[in-house]
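User: I'm new to reading protein structures and would like a close look at one part. Could you walk me through it in plain words?

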Amino acid sequence: MSLPSFVEATPPASGPVPDWSELQQDLLIGIFSKLELPDLVYAGAVCMPWRLSCVAVRRFGLCSPNQSPYLVYSSGDRDKNTATLHNLSTDKKYHCSLPDPPFRSRYVIGASHGWLVTNDEQCNLHLLNPVTRDQISLPPARTMTGLSPCFTRDGILSGYYIDDLYLKYKRNIPRDPPVFYETEFARLHLYKKAILTADPSRGDFTVLLMHRPAEHLSFVRSGDTKWTWIDANQHCRLYEDFFYNEDDRLFYAIQGMGEIHAIDLSGPSPVVNVIFKPVSSVVVDTRYILRAPWGDILYVFRNYGPLPPEALRELDIEESEEDDSEVDEIVVHKVDLAKQKIRKMKHLQGHALFIGFNRTFMLHAKDFPNLRPNCVYLSDDNTSSIFCSPLNGRKLSCLNLGDGTLTDMWFSDSLLHWPPPIWFRPSC
């Protein structure tokens with residue numbers, strides 16, 4: 001395990017330090033297996049015996065499974081290569097110096113299994129573990145279907161032509177011509193979200209990517225040299241979110257109107273099946289989907305701002321008399337696949353829900369001090385707003401599903417809004 005430059009934001013007070021290097025390794029392993037991963041890596045910097053024990057904990061998968069949620073962001077009081085990890089449970093901050101490209105130049109579009117999915121200034125994607133500093137470059141953007149790079153006479157990348165990818169072309173129906181985006185705009189426009197099936201440091205993995213135009217999906221497996229576009233049928237577009245189910249090894253993806261697809265990428269060609277038909281005519285900005293810890297499939301409506309009265313009535317939301325033009329509307333539903341119905345939820349069985357660019361996930365609040373039960377933690381993943389104003393302030397807030405109160409979250413005066421902050425859980 002490489003030792004990253006990784007320190008607490010506020011180091012402990014100085015004073016006499018006992019010689020703990022003589023502790024037996026089995027005792028150290030027992031202690032270290034209960035630590036948060038950032039603290040485990042920090043402990044490995046103390047001395048060689050501790051470092052060897054930390055390596056053993058990670059090698060044999062002995063890390064604590066109860067890793068706290070963090071907010072990852074760039075701090076104005078640190079250099080451009082440093083990411084700040086802010087623990088929501090303990091309120092501790094860590095600063096991690098990361099490899100190039102500089103963290104502040106990246107666009108972070110995903111977080112799952114302890115890794116970030118980042119987009120560099122050339123539109124190429126990288127997997128980055130902010131705790132261990134490990135990095136994996138994914139196949140270049142030019143290998144994606146419908147994406148063609150454009151170069152200047154001097155051979156410098158100037159941008160990309162992006163095809164509409166509309167599936168009608170298979171029936172010889174005319175389609176719109178490709179649209180050219182300069183590189184700095186292409187990387188803001190092209191990608192919407194990405195997740196992993198597993199921790200890449202543990203073996204094989206797959207990355208599923210949602211991208212424009214029309215919110216199509218492409219994927220890459222470990223070892224692949226190019227991206228594979230999912231075009232199993234004419235309905236494979238307009239996706240909003242997805243998750244991977246390790247039990248049946250399927251992806252579950254939700255579309256803009258609420259239709260849910262089960263996607264099998266285990267064979268030579270993708271197989272896509274519709275498992276849930278839309279039951280609501282309400283159009284919202286985005287939807288999220290996840291499998292709850294107790295097994296149910298949940299999906300979440302999110303509108304960046306207030307909904308019209310007719311939509312509020314259909315979603316069973318009380319109309320507010322206050323000026324809430326800046327407040328997101330959030331509704332959580334349980335999906336009944338057998339009855340093809342949804343049911344609104346006003347509590348999360350004591351859990352906290354995290355939505356944004358990250359893989360949508362839930363944690364039991366009782367296991368993490370300072371987490372609020374039955375609340376939704378929101379980071380800003382409004383890609384249209386980011387495209388138009390990438391450096392504008394990004395909203396971070398907490399919504400109580402019980403009483404509907406929304407609380408703005410403050411983390412640091414030095415928090416920068418580029419790259420957009422993202423929820424994250426370390427993985428050992």
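In the hairpin of E3 and E4, which residue takes a positive phi, and how many residues sit between the strands?

Analyst: Happy to, and keep in mind that this is a predicted model. The residue you want is Asp-91, whose positive phi is near 70 degrees. The hairpin has 5 residues between its two strands, E3 and E4.

Let's look at E3 itself. This strand covers residues 82-87, and 6 of its 6 residues are buried, so the rest of the structure largely encloses it. You can check that one face at a time. On one side you'll find Thr-82, Thr-84 and His-86, and on the other Ala-83, Leu-85 and Asn-87; every one of these is buried. In other words, E3 has both of its faces covered.

Now for the strands that pair with E3. Strand E2 (residues 70-73) runs antiparallel to E3, and 4 bridges join the two. Strand E4 (residues 93-97) also pairs with E3 in the antiparallel sense, this time over 5 bridges. A handy residue to click on is Leu-85. Leu-85 in E3 is the bridge partner of Val-72, and Leu-85 also has a bridge partner in E4, namely Tyr-94. Leu-85 is one of the buried residues of E3, too.

If you'd like something to set beside E3, try helix H4, at residues 183-190. H4 is mostly covered, with 6 of its 8 residues buried. Among the buried ones are Thr-183, Leu-188 and His-189.

Aromatic rings give you another way to explore burial. A pair of rings is described by how far apart the centres are and by the angle of the planes. The structure holds 13 aromatic pairs. One of them is Tyr-161 with Phe-180, a tilted pair at 5.1 Å centre to centre and 55 degrees between the planes. Tyr-161 sits in strand E10 (residues 157-162) and Phe-180 in strand E11 (residues 179-182), so this pair ties together parts that are 19 residues apart in sequence. Tyr-161 has 38% relative accessibility, so it counts as partly exposed. Phe-180 is partly exposed as well, at 33%.

Next, find Phe-354 and Trp-423, an edge-to-face pair at 5.6 Å centre to centre with 75 degrees between the planes. Phe-354 belongs to strand E24 and Trp-423 to strand E29, so here the parts tied together are 69 residues apart in sequence. Phe-354 is buried at 0% relative accessibility, and Trp-423 is buried with a relative accessible area of 0%. These two also belong to one aromatic cluster with Phe-361, Tyr-377 and Phe-411.

Conventions:
Residues numbered from 1 in each chain as written. Predicted model: local features only at pLDDT ≥ 70, side-chain atom pairs only at ≥ 80, totals over all residues. Heavy atoms only, no water. Buried < 20%, exposed > 50% of the residue type's maximum accessible area, 1.4 Å probe, protein only. Phe/Tyr/Trp six-rings, centres within 6.5 Å; stacked < 30°, edge-to-face > 60°. Pairing = 2+ DSSP bridges.
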